[in-house]
Amino acid sequence: MNLKLDQHRNQLIGIDLILTAFTSSVAIMTAVAGYFGMNLNSGWQEAPVLFNLVTVVSVCSALMLFVLFVGWLWFRQMLVF
């Protein structure tokens with residue numbers, strides 16, 4: 001019985017690690033959106049392509065960070081599926 005409880009606890013720890021990595025990735029995108037969403041007159045709001053560029057770069061970097069972190073966990077054998 002104790003082995004089964006240990007296995008479930010380890011699975012919950014793995015799920016917690018994945019959710020923490022996902023939350024950190026979303027926090028990066030939120031920080032970028034918050035920075036560009038402030039009412040500052042920087043002149044960048046005049047460029048029509050800058051919004052799309054910043055959005056794509058922030059989403060790709062957040063996804064890359066998430067995938068790298070989960071891959072590192074998998075490589076270190078900290079995640080068991």
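Select valine 54 first; this residue lies in helix 2. Helices here are DSSP runs (H or I, at least four residues), numbered from the N terminus. The structure is a predicted model, in which local features need pLDDT of at least 70 and side-chain atom pairs count only at pLDDT 80 or more, while totals for chains, interfaces and linings use all residues. Residues are numbered from 1 along each chain as its sequence is written, and side-chain values use heavy atoms, with hydrogens and water left out.

**Stop 1: valine 54 and its contacts**

With valine 54 still selected, consider its exposure. Valine 54 is buried, with a relative accessible area of 19%. Buried means under 20% relative accessible area, exposed over 50%, and partly exposed in between (1.4 Å probe, protein chains only). Now add Val32 and Phe36 to the selection: valine 54 touches both, not counting residues up to four places away in sequence. Contact means heavy atoms within 4.5 Å. A distance drawn between the C-alpha atoms of valine 54 and phenylalanine 36 should read 8.9 Å, for residues 18 apart along the chain.

**Stop 2: the largest pocket**

Keep valine 54 and phenylalanine 36 displayed, and add Tyr35, Gly37 and Phe51. Of the 18 residues that line the largest pocket, Tyr35, Phe36, Gly37, Phe51 and Val54 lie nearest its centre. On a 1 Å grid over the protein atoms alone, a pocket is an open set of points with protein on both sides within 12 Å along at least five of seven lines, and lining residues have an atom within 4 Å of a point. The space in this pocket is about 440 Å³; grid points are joined across faces, edges and corners, and the volume is the space filled by probe spheres set on the points. Helix 1 and helix 2 each supply at least two residues of the lining.

What is the make-up of the lining by residue class? It holds 13 nonpolar residues, 5 polar and no charged. In this count Ala, Val, Leu, Ile, Met, Phe, Trp, Tyr, Cys and Pro are nonpolar, Asp, Glu, Lys and Arg are charged, and the others, Gly among them, are polar.

**Stop 3: helix 2**

Select the whole of helix 2. Its 26 residues reach 37 Å from the first C-alpha to the last, close to the 38 Å expected at 1.5 Å a residue. The expected span is 1.5 Å times one less than the number of residues. Colour Val54, Ser58, Ala62, Val70 and Leu73, the buried residues of helix 2; they pack against helix 1.

Within this set, centre the view on serine 58. Serine 58 has a relative accessible area of 10% and is buried. Its contacts are with Met29 and Val32, leaving aside neighbours within four places in sequence. For a longer view along the model, draw a line from the C-alpha of serine 58 to that of aspartate 6: the two residues are 52 apart in sequence and 38 Å apart in space.

**Stop 4: helix 1**

Next select residues 2-37, which form helix 1 and include leucine 5. At 1.5 Å a residue, the 36 residues of helix 1 should span 52 Å, and its end C-alpha atoms are 51 Å apart, which agrees. Gly14, Ala21 and Ser25 are the buried residues of helix 1, and they pack against helix 2.

Zoom in on serine 25. At 4% relative accessibility, serine 25 counts as buried. Show Ala62 and Phe66 as well, since serine 25 touches both, not counting residues up to four places away in sequence.

**Stop 5: an aromatic pair**

Rings of Phe, Tyr and Trp (its six-membered ring) pair if their centres lie within 6.5 Å; planes under 30 degrees apart count as stacked, over 60 as edge-to-face and the rest as tilted. By this rule the count comes to 2 aromatic pairs. Select one of them, phenylalanine 22 and phenylalanine 66, which is edge-to-face at 6.0 Å centre to centre and 80 degrees between the planes. Phenylalanine 22 lies in helix 1 and phenylalanine 66 in helix 2, so the pair ties together parts that are 44 residues apart in sequence. Phenylalanine 22 is partly exposed, with a relative accessible area of 47%.

**Stop 6: glutamine 77**

Finally, select glutamine 77, in the segment after helix 2 (50-75). Glutamine 77 has a positive phi of about 60 degrees although it is not a glycine. Is glutamine 77 buried or exposed? Glutamine 77 is exposed, with a relative accessible area of 67%. Isoleucine 13 lies 13 Å from glutamine 77, C-alpha to C-alpha, and 64 residues from it in sequence.

Key:
1 Å grid on protein atoms, 1.4 Å probe; cavity = no way out; pocket = protein on both sides within 12 Å on 5 of 7 lines; lining within 4 Å.
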